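User: Could you walk me through this one? I'd like to go from ring contacts to helix packing.

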Amino acid sequence: MATQVSKAVLVRLEALPGKEDDVRDFLNQGLAIVEGEPKTVRWFGVQFGPSSFGIFDAFPDDDGRQTHLSGEVAQALGANTGVLFQEPTIEQLDVVAEKQPV
């Protein structure tokens, strides 16, 4: 059975002109980083539109979320702001309901 989640983060990224492929690569690299974070139990790199991307990740508790927000992906977001994408929007969410993976 999968770990139940109660906390999440939604990050919205707007790629700088011509950097869309680089943002896709950035998201793929982010996946490799979060695989080493045991409390990041769900992680998705998504594309909303031609230059709009995002990250949605979920955690069993706020401790896991805060650990993630101070980890390598957050540092990479800061390092790539203004290089690959505009200032990210980061929203901390509470999970109300979920369908767990099988």
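**Rings and helices**

Analyst: Starting with the rings, and bearing in mind that this is a predicted model, Arg 12 lies over the face of Phe 48, at 4.8 Å from the ring centre.

User: And how many aromatic pairs does the structure hold?

Analyst: There are two aromatic pairs in the structure. One of them is formed by Phe 44 and Phe 56, whose rings are tilted, with 6.4 Å centre to centre and 35° between the planes. This pair links distant parts of the chain, since Phe 44 sits in strand β2 and Phe 56 in strand β3, 12 residues apart.

User: Is Phe 44 buried or exposed?

Analyst: Phe 44 is partly exposed, because its relative accessible area is 44%, and Phe 56 is likewise partly exposed, at 29%.

User: Switching to α1, which of its residues are buried?

Analyst: Val 23, Phe 26, Leu 27, Gly 30 and Val 34 are the buried residues of α1. They cover an arc of only 100° around the axis, so they lie on the same side of α1. On the other side of the helix, Asp 21, Asn 28, Gln 29 and Ala 32 are exposed.

User: What do those buried ones pack against?

Analyst: The buried residues of α1 pack against β1, β2, β3, α2 and α3.

User: Where does His 68 lie, and what is it in contact with?

Analyst: His 68 lies in helix α2, which spans residues 62-69, and it counts as buried because its relative accessibility is 5%. Leaving aside neighbours within four places in sequence, its contacts include Val 34, Trp 43, Asp 57 and Phe 59.

Definitions and conventions:
Residues are numbered from 1 along each chain as its sequence is written. This is a predicted model: local features need pLDDT of at least 70, side-chain atom pairs count only at pLDDT 80 or more; totals for chains, interfaces and linings use all residues. Side-chain values use heavy atoms; hydrogens and water are left out. Helices (H or I, at least four residues) and strands (E, at least two) are DSSP runs, numbered from the N terminus. Buried means under 20% relative accessible area, exposed over 50%, partly exposed in between (1.4 Å probe, protein chains only). Contact means heavy atoms within 4.5 Å. The arc is that of the directions from the helix axis to the C-beta atoms. Rings of Phe, Tyr and Trp (its six-membered ring) pair if their centres lie within 6.5 Å; planes under 30 degrees apart count as stacked, over 60 as edge-to-face and the rest as tilted. A charge sits over a ring if NZ of Lys or CZ of Arg is within 6 Å of the ring centre and within 35 degrees of the ring normal.
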